[in-house]
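Reader: Could you walk me through this structure and show how its labels are earned?

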Amino acid sequence: MKILALLKRVPDTEAKILINQEGTGIKDEGIKYVINTYDEYAVEEGLRLKEKMGAASTVTVVCVGPEEATELIRTALAMGADDAVHVCDKALERPDPFVIAAVMAKAIKAEGFDIIFCGKQAIDDDMGQVQSILAEMLDIPQVNVATAFEIAADAKRATVRRRVEGGDEKVETSLPAIISCEKGLNDPRYASLPGIMKAKKKEIRKKTLADLGFSESPGEARSTILRWLPPAKSSGCTMVKAEEMRDAAKELVRLLREEAKVV
Amino acid sequence: MTIQGIVFLVFFVAVLAVFGLIVRLLYRILRAAKPEDRFDRWGDRIKAVLVYVCAQARVLAKPAGMGHFVIFWGFIFITIGTLDHMLGQLIPGLGLERIVGRRLGSAFILLQDVFGVLVIGALAVAAVRRFIQKPERLKIDDPAAPRQAALILALIFVLILFMYGLKGTEILEGSARLTKTNAPVSFSAAEMMRGWHLNVPLANDVFSWGHNLVIFFFLLFIPFSKHIHILGAIPNVFFRNLGRPGALSRMNFEDESAEKFGVSELGDFTWKQTLDLCACTECGRCQVACPAHATKKPLSPFRVIHRLRAQLMRDKGGLFAKGAGVLKPTPVIPENVSEDEIWACTTCGACVQECPTFIEHVQKIVDLRRFLVLTESRFPAEVQPVFKNMEVNYNPWAIGYSSRADWAAGLGVPLASEKRSFDVLFWVGCSGSFDQRAQKVSRSVVRLMQLAGVDFAILGTEEKCCGETARRMGNEYLAQTLIQANIETLKKYKFNTIVTACPHGLNTFLAEYPQFGLSVPAVHHSEFLLGLLSKGALKARRIETLRGAYHDSCYLGRYNGVMREPRALLSRSTKRVAEFGRRGRSSFCCGAGGGRMWMEETLGSRINEDRARELLGLGVDHVFTACPFCLTMFEDALKTLGREDVHALDVAEVLLEACSR
Amino acid sequence: MANDILVFGEVRGGGIKKITKELIGAARRVSAAAGGAIDTALIGAGARAAAESLTGYGLRKIIVAEDEVLARYSTEAYAAVLSDIVKRGAYSYIFLGATAMGRDLGPRVTAKADGVMFSDCVDVRMEGTRCVARRPVYSGRAYIEIVRSGDRPNYISIRPNNVAPAEPSGGGTPIETHASNVTRDAIRAIVTEIFPLEGGRPDLTEADVIVTGGRAMKDKANFKILEDLADLLGAAVGASRAAVDAGFAPVAIQVGQTGKIVNPKLYIACGISGAIQHLAGMRTSKVIVAINKDPNAPIFERATYGIVGDLFEVVPLLTEELRKVL
């Protein structure tokens with residue numbers, strides 16, 4: 001079985017996000033980059049499926065990202081993935097979901113696949129669109145926000161549980177399909193040292209846009225970012241005080257509803 | 001030569017031959033084990049033997065050790081006497097007297113005679129202790145152990161009886177060399193036997209043969225019992241760790257095709273670690289010193305060594321086997337040591353400190369952890385995020401590394417990257433940087449340094465976790481990555497000393513960073529601050545109302561000998577300082593070391609609560625600590641025990657208070 | 001046509017989900033500035049009944065697709081139907097909820113219809129002739145305001161509870177039936193079963209809202225006041241290690257470094273001091289409310305909102321006040 005796991009290089013969840021002077025993006029200094037959290041679940045699920053299916057199965061990591069993404073791809077290889085495809089091109093510095101999906105679709109069609117795992121969204125842009133656009137481009141079914149995955153005995157179908165408001169849905173899908181992963185699907189393994197050593201020798205197929213057959217840009221940007229803004233509430237605790245405790249409670253409720261918008 | 005003599009000779013040679021094979025097998029096992037360099041500093045090593053073997057220094061550290069001292073020397077004298085006797089049987093006329101002369105020979109006979117009684121006395125005490133008193137330290141879940149012990153005690157007793165019988169009958173036969181003066185006890189024995197109307201020459205032969213047979217049995221029996229320590233202990237003391245106790249071994253990751261890291265079978269240990277197994281006297285002192293054992297965790301260092309030795313005996317194969325020296329590849333885990341035991345260790349080092357024969361338990365446990373972590377990726381689930389956090393953000397919590405210096409905001413703390421050359425590098429550490437409670441200690445240290453006008457700086461966001469906790473948890477690869485990164489950073493700046501408020505950081509700088517090429521003076525903040533106080537750079541006024549007990553951290557006191565300085569600081573800052581019963585090098589662990597800080601404690605009772613109860617028993621309302629882990633552990637325990645009226649303070653906080661009045 | 005908006009509403013149990021009204025509210029704001037009609041599309045079982053309840057909202061028309069094949073959700077069938085509706089109506093903007101369905105359907109339809117999508121927006125408004133959407137990025141640590149380039153259909157999914165829901169405005173809206181031409185065999189992935197949350201309480205590690213009690217709870221029984229609050233908010237209940245050790249709560253709900261690590265949108269910490277071991281388990285929560293008697297408790301340094309007070313007084317009051325507005 002040929003299993004693909006999509007991987008994106010994103011800033012660590014703890015990185016200090018500050019908007020740059022020009023207001024055109026975030027400041028890059030001091031940011032540590034990691035594998036997108038949800039993509040870790042994807043890699044892990046791919047590995048578990050490979051272990052279940054046996055020797056003939058492989059897990060290939062597919063990443064569209066800058067040169068620096070290589071070390072993160074190696075981490076996925078250290079976890080046990082067999083090889084990787086890394087699409088790296090200057091023209092892809094700030095691509096939008098359609099462009100990424102188009103590039104991935106080309107790379108993936110060239111690879112061939114039986115199933116694709118990916119994260120439900122990338123924790124930098126939080127768009128969560130690429131997997132569905134990709135599914136449409138590849139003309140395969142999709143199941144998003146998977147919390148449980150089980151392949152059928154004939155390996156032609158799978159049963160996936162997905163998270164919705166107020167509960168879970170069970171979805172039956174034919175394969176090939178793309179499955180986007182949610183937290184709780186599995187616990188990603190910690191790469192062993194022999195795994196790390198072996199990863200150094202595993203193949204990463206580097207591709208530029210030209211290699212994939214794009215004669216010109218894979219698509220123009222479909223949107224423009226007008227401005228970047230800091231979060232609504234600056235850091236620091238708002239102490240809610242009042243003469244009567246009931247009024248304090250009322251005020252807190254108001255803040256939670258209107259300011260924080262969490263209830 | 002008589003027929004007896006020939007028969008004896010045959011026995012003698014046979015037994016010696018088998019014994020020789022045994023020794024050869026043990027030697028081969030050691031040869032086949034992993035290498036380790038313990039061949040330096042012969043002078044110090046010989047000294048160690050004199051102090052710890054001849055003078056039995058560690059043995060005598062506990063009163064009961066007197067018994068062993070007596071039995072040990074008694075046995076030596078008796079053995080010399082035995083050799084003397086056997087030589088005499090092989091070659092009549094040859095004996096000790098012939099070699100050392102009459103006077104010395106006679107003196108020796110006296111020594112032997114007197115010691116025989118002393119040994120019997122010691123044996124009686126030993127039997128009472130083991131079988132009637134049944135102390136905690138001798139408890140081991142192996143029914144063979146007390147049986148072996150009983151057998152040994154009985155054998156030695158019988159041996160001595162035979163010795164007196166032999167000498168007594170020799171006296172009855174009319175001996176020139178044994179007189180009332182130099183063999184008083186044997187003389188009394190002779191008198192007693194006179195009334196038995198024995199066939200004296202026959203009796204003499206019987207005692208002689210009995211004596212020899214016991215010895216032969218002993219020779220063949222010792223290697224397969226705890227008495228293998230007779231062979232192993234002296235070399236083990238000779239090859240003791242002369243380096244800092246707080247240094248774990250450095251692993252080499254150059255071989256990229258290596259499939260296994262750490263220890264999973266006995267054959268993975270170094271020869272010294274294997275020798276350790278042959279040096280265990282089963283005294284159990286490590287067990288009673290162990291905080292995990294004290295709180296009823298499955299771990300006992302005694303048990304670990306005992307089980308490993310038993311495994312060694314099983315895995316070694318037959319004496320005459322072809323591939324002698326190659327151990328069977330039986331896994332250590334879980335057959336002989338369980339994962340629960342391995343993870344329960346706080347690496348406090350109390351076991352290593354207690355051991356009379358210098359066994360190094362902690363390193364073995366870490367080696368087993370290395371296997372679990374590096375090769376199998378098998379470790380408590382709570383630890384995985386800790387590893388990941390250290391990889392990404394260089395601290396065990398998932399806190400962005402770029403906020404590492406936020407604790408110092410507004411304090412005017414100079415950064416190394418700005419100053420570039422300064423006297424003191426204040427190593428803040430992960431707790432001191434990110435833990436709100438420990439940040440208060442960092443600020444206290446900074447304030448004191450500023451008051452004293454110290455030329456210092458911090459690395460700020462360039463500082464990464466020192467790697468100590470990763471190393472103790474067995475993640476040597478991660479630890480080395482952090483260590484090497486820190487060394488790169490430290491090399492950029494010019495400074496004279498590292499001062500740190502964290503004993504774990506201190507220990508790793510002193511004991512482990514040199515393994516990677518950086519040897520820089522490092523002191524604990526209590527030492528440094530005391531220096532400032534003594535110089536007059538700081539002035540303290542005692543806080544009369546502050547009463548507390550000082551808790552020695554394992555990594556500060558036991559591992560690095562810093563015990564006087566924090567106390568000196570406290571006596572200048574507070575009115576009275578109480579002392580824990582378990583203090584100094586015998587301090588009781590707070591429970592956080594060895595990576596336990598990051599793990600849930602589900603087995604047995606809580607180590608920190610045990611220590612907190614001891615504190616509460618002292619009737620003070622403060623405990624003074626000098627380590628961020630100990631501080632957290634005390635606060636946690638006091639809260640659980642519902643005693644938030646008792647407060648934990650770092651010595652720096654106390655000093656700052658005293659200097660601010 | 002030029003600025004017509006299609007609101008994709010969601011149906012639940014024969015009625016409309018609240019998000020639909022919020023989307024209509026957003027659409028009204030945009031249409032007030034940009035001109036253009038607002039239509040609503042409803043797909044699936046109970047769509048027609050749900051449509052009836054929307055006829056008084058001043059919409060131009062409500063399009064209903066309620067075939068057998070659409071009874072259970074499937075991305076492909078719904079995407080085919082919706083993209084059909086979009087093409088026919090030549091809408092400029094399509095609003096969806098940033099819900100499980102919206103997140104799954106939106107991008108697929110966008111791809112089918114060659115549009116552009118802005119996910120998970122918190123605000124939509126017109127700036128001149130452009131429709132600007134504001135959305136969080138980096139898990140809410142920054143926001144961007146984004147517009148489409150060109151004039152592809154702009155799909156915009158909006159977060160629930162961020163826009164005021166529309167109120168009825170009278171008038172009658174015609175309901176139009178849309179016949180789908182999707183066949184069952186064309187659908188390769190379909191929902192076969194639905195599992196509602198058991199006991200109404202989500203799993204700690206996946207909960208959006210968590211209410212946690214510390215040692216100050218004093219008793220197992222006292223956790224009831226937290227449970228009442230949790231029930232109201234659809235939240236999970238957690239406990240600090242101290243509370244678990246004291247036997248007030250089971251270890252399964254322990255939050256902290258050695259317990260569960262959680263990441264909810266709202267974390268209400270009752271009687272919790274906020275020592276690092278606990279913080280390590282919940283510090284990434286979007287909004288932290290701390291209720292503690294001790295004004296110096298470390299948790300206030302990390303909280304978004306804090307009340308210094310006795311939790312036994314504050315928590316029930318909070319529950320009451322919330323009940324009034326929810």
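Author: What follows is a short talk about charged pairs, accessibility and domains. This is a predicted model, where local features need pLDDT of at least 70, side-chain atom pairs count only at pLDDT 80 or more, and totals for chains, interfaces and linings use all residues. Residues are numbered from 1 along each chain as its sequence is written, chains are lettered from A and ligands numbered from 1 in the order in which they are written, and side-chain values use heavy atoms, with hydrogens and water left out.

Reader: Why is the contact of B:Glu259 and A:Lys198 called a salt bridge?

Author: The term asks for a side-chain nitrogen of Lys or Arg within 4 Å of a carboxyl oxygen of Asp or Glu. For B:Glu259 and A:Lys198 the N to O distance is 3.6 Å, so the pair fits the definition. Over all chains, a search of the whole structure finds 98 salt bridges.

Reader: What makes B:Glu259 and A:Lys198 a pair that joins two chains?

Author: B:Glu259 sits in the loop between helices H9 (229-238) and H10 (271-277) of chain B, while A:Lys198 belongs to helix H5 (residues 193-199) of chain A, so two chains are joined. Helices here are DSSP runs (H or I, at least four residues) and strands likewise (E, at least two), numbered from the N terminus.

Reader: Why is B:Glu259 called partly exposed?

Author: Buried means under 20% relative accessible area, exposed means over 50%, and partly exposed is in between (1.4 Å probe, protein chains only). B:Glu259 has 48%, so it counts as partly exposed. A:Lys198, at 41%, is partly exposed too.

Reader: How do you know that A:Lys200 forms a salt bridge with B:Glu256?

Author: Their closest N and O atoms are 3.1 Å apart, so the cut-off is met. This pair crosses between chains, from the loop between H5 and strand S11 (204-207) of chain A to the loop between H9 and H10 of chain B. A:Lys200 is partly exposed at 40%, and B:Glu256 is partly exposed at 32%.

Reader: Where do B:Arg370 and B:Asp367 lie?

Author: Both are in helix H16 (residues 361-375) of chain B, three residues apart, about one turn of the helix. Their closest N and O atoms are 3.2 Å apart, in a salt bridge, and both residues are buried.

Reader: Which domains is chain C divided into?

Author: Chain C has domain 1 (5-186) and domain 2 (209-325), with bounds from an automatic or database domain assignment. Their centres, taken over C-alpha atoms, are separated by 37 Å.
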